[in-house]
Amino acid sequence: MTIVARLREISAVAGLVSLFLLVSSGFGLGAGYVASEREAFDSVLFLHRQGADAVFLRSLHHWLASVLVFCGALYLALSFLEGIAAGRRAVFWLSGGLFFVAVGFCFTGFPLPMDQNAYWGMVVRFGIVETIPLVGRGLAALLRGGATLDASTLPRLYTLHASVLPLLAMGLLGALLSQRPGEPAEGRRLHRLLSLCLVLLGLAYAFAAVFEAPLEPRADPADTSYVPRPEWYFLWLYQLGKLLAAVPWVQSLLVPALGLATLVAAPWIFTTSFRARLLLVSFAGVAWAGLTGLALLQNRDLPARPSYEQALRSRAEGLYREECQSCHGAGGRGDGSQARAFGLDCPDLTDPGLWEARSDEQLRLAIRDGQGADMPAFGEKLDSEAIEALVDLLRRRFRPARR
Amino acid sequence: MMRRRELLAAWRPLAAALAGLGLLPSAVYWWRSTRSGDSSSSDWADAGPTAGLLEDVWQPRSLEIERRNRWRVDRERHTVYARRRGTGFEVVSSVCPHTGCLVQRDGAGFACPCHWSHFDGEGRPLDGPAPRPLDRLEWRLEAGRLRVRLVNFRPGAARSEPLRP
């Protein structure tokens, strides 16, 4: 086996393992997810708070989506390089179809968590779809359920993601498997491939256990400061769109159409010359790497995107400064300027006795409904998420370490 | 004895292990998230003034409760039956102990429209498939109003068995 053939085999196996694990982790995620723009984020946040095994599922799903796209692209490039495309046209085309389905999975799965990244990414992507000449508006409306994002958008995307595309993928996989692989996979070879699958599964699990899938703050359609950026596999297209901003249809129509045309025509391109094929693949690789690198370079100075937890913390810190500090004091000792000026009854939040006597629930209620004669109620001003974040802040900042 | 090569060729267990390992995380999640992990909100609800309740006459009382439902807080409406009994009160759940339909008043007692269980004025089953009397609910008085502790019970069980989230 040549090195190219071996790499192709590994990318195929890794792609299939990713697809299987994406489906199987989807079974778990689907059981705790609601495809509604009101509840989607809360359900994902709930999952994140359920514990490490729940987050593991989402991390697995999140990272493997990238692996699938990467393996698919690699497999197609290597197949073409090896000349498989010419010899086994049907296998190549079916794999290409599967790759497009994988990209479809990413497109429809990306908005589902409804955090800032998901929401703004979805807005931009629909905007790009709209720029396709003639059919763009219709296609965007079909995916979105109308001319604007509304209550039916997430159900539509979720149906595509969890029902239509899996069915398509199954059909393509079935057709692919019925094509009979070049050499029959039996005995030791099959054993070797399955061992490879197990190793890849182990790697995927280890990675997902260590690296948590990101979750940004709840989608805020009024936030003007947010700068959405595409996933790494769309960065090149995004950069191309920026370079050719005057002709948006290059990005939305020409490039995908060219990709599709290349895929269809691949069995007849440079069939006799390995060197010409290598040149073409190298050119594509360099173009991809160049555009991606340029995008990363230009995006260096964009503001960092805080995670949900980070944003919540800084919100709580701001709230404490604005709403609490004047009485409770910067150190929580109840010695703020207002408390001292008016002789208010303001407890020392660093007192261990206070923390022993009060549960988090009582602290929440004290903030919401007020406490004693001097502490006003904040229930009208702050939502429950902010109050919970404040209690969390008090606990982290002022609660003395237990002996 | 199997030769090494044959042993290596035993791929079926490998394939099974692969499928099992792949499905395990989701299976674990399905199982462990059967517990919602939150029961902080109170299950006591207001069932209206006691003034209208009569001795030995069951009256439906509709009550509203705020329940933490995973990532949401829901307002739920339930119906219970209450009556005055001596110096105190009696409250029964309207949920049929058989499969969980809601029972209606039938003469002095109750009837379930789903499988025709009948209950007498004490809530005891007279005929039909109901396995136990109607479930009694805890009550207390607060400023002339009846407060009831809303609990669900396991359907089909021979004795009242409260369900915890």
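Good morning. Among contacts in chain A between residues at least 6 apart in sequence, 70% join residues at least 24 apart. I begin with that figure for chain A, and I should say at once that the model is a predicted one.

Let me stay with chain A for a moment. Its secondary structure consists of 17 helices and zero strands. The C-alpha trace of chain A spans about 90 × 55 × 35 Å along its principal axes. Chain A has 403 residues, and 42% of them count as buried.

One pair of side chains illustrates a link across the sequence of chain A. A:Arg8 and A:Glu82 meet in a salt bridge, at 2.4 Å from N to O. This pair links distant parts of the chain, since A:Arg8 belongs to helix 1 of chain A and A:Glu82 to helix 3 of chain A, 74 residues apart. Are the two partners buried or partly exposed? A:Arg8 has 17% relative accessibility and therefore counts as buried. A:Glu82, at 26% relative accessibility, counts as partly exposed.

I turn next to helix 6 of chain A, which covers residues 116–130. How does the span of this helix compare with what its 15 residues should give? At 1.5 Å a residue, helix 6 should span 21 Å, and its end C-alpha atoms are 21 Å apart, so the two agree. The buried residues of helix 6 include A:Gln116, A:Asn117, A:Ala118, A:Tyr119, A:Trp120, A:Gly121 and A:Met122. Further along helix 6, A:Arg125, A:Phe126 and A:Val129 are also buried. Against which elements do these buried residues pack? Their partners are helix 5 (89–109), helix 7 (136–144) and helix 8 (153–177) of chain A.

Now to the interface. The size of an interface is often given as the accessible area lost when the parts come together. Between chain A and chain B, the buried area is about 2500 Å², and carbon and sulfur atoms give 69% of that area. In terms of residues, 30 from chain A are in contact with 24 from chain B.

What of the polar side of this interface? There are two salt bridges between chain A and chain B. In a salt bridge between the chains, the side chain of B:Arg72 meets that of A:Glu39 at 3.3 Å, N to O. Counting residue pairs in polar contact, with both residues at pLDDT 80 or more, the number between the chains is 10. Which elements of chain A give two or more residues to the side that touches chain B? They are helix 1 (3–30), helix 2 (40–49), helix 3 (52–82) and helix 9 (187–210) of chain A. Helix 9 of chain A supplies the largest share of that side, with 10 residues. By residue class, the side of chain A that touches chain B divides into 16 nonpolar, 10 polar and four charged residues.

From chain B, I have chosen B:Ser33, which is found in the loop between helix 2 (12–32) and strand 1 (44–49) of chain B. B:Ser33 counts as buried because its relative accessibility is 11%. Its side chain reaches the backbone oxygen of B:Tyr29 at 2.6 Å. Leaving aside neighbours within four places in sequence, B:Ser33 is in contact with A:Gln50 and B:Arg70.

A second loop residue of chain B is B:Asp120, placed between strand 7 (118–119) and strand 8 (125–127). B:Asp120 is buried, with a relative accessible area of 17%. A polar atom of the B:Asp120 side chain lies 2.8 Å from the backbone nitrogen of B:Glu122. Beyond neighbours within four places in sequence, B:Asp120 is in contact with B:Gly109, B:Phe110 and B:Leu126.

I close with salt bridges, of which the structure holds 36 over all chains. Within chain B, B:Arg75 forms one with B:Glu66, the closest N and O atoms being 3.1 Å apart. B:Arg75 is exposed, with a relative accessible area of 54%, whereas B:Glu66, at 47% relative accessibility, counts as partly exposed. Another salt bridge brings together the side chains of B:Arg67 and B:Glu76, at 2.8 Å from N to O. B:Arg67 counts as partly exposed, at 34% relative accessibility. Finally, B:Asp56, B:Arg83, B:Arg85, B:Glu90, B:Glu122 and B:Arg136 are joined into one network by salt bridges that share partners. Thank you.

How values were computed: Residues are numbered from 1 along each chain as its sequence is written. Chains are lettered from A and ligands numbered from 1 in the order in which they are written. Side-chain values use heavy atoms; hydrogens and water are left out. Contact means heavy atoms within 4.5 Å. Buried area is the accessible area (1.4 Å probe) that two parts lose on being put together, summed over both. A salt bridge is a side-chain nitrogen of Lys or Arg within 4 Å of a carboxyl oxygen of Asp or Glu. A polar contact is a pair of N or O atoms within 3.5 Å; within protein, one must be able to donate a hydrogen and the other to accept it, and residues adjacent in sequence count only if both atoms are side-chain atoms. Helices (H or I, at least four residues) and strands (E, at least two) are DSSP runs, numbered from the N terminus. Ala, Val, Leu, Ile, Met, Phe, Trp, Tyr, Cys and Pro count as nonpolar, Asp, Glu, Lys and Arg as charged, and the others, Gly among them, as polar. The expected span of a helix is 1.5 Å times one less than its number of residues. Buried means under 20% relative accessible area, exposed over 50%, partly exposed in between (1.4 Å probe, protein chains only).
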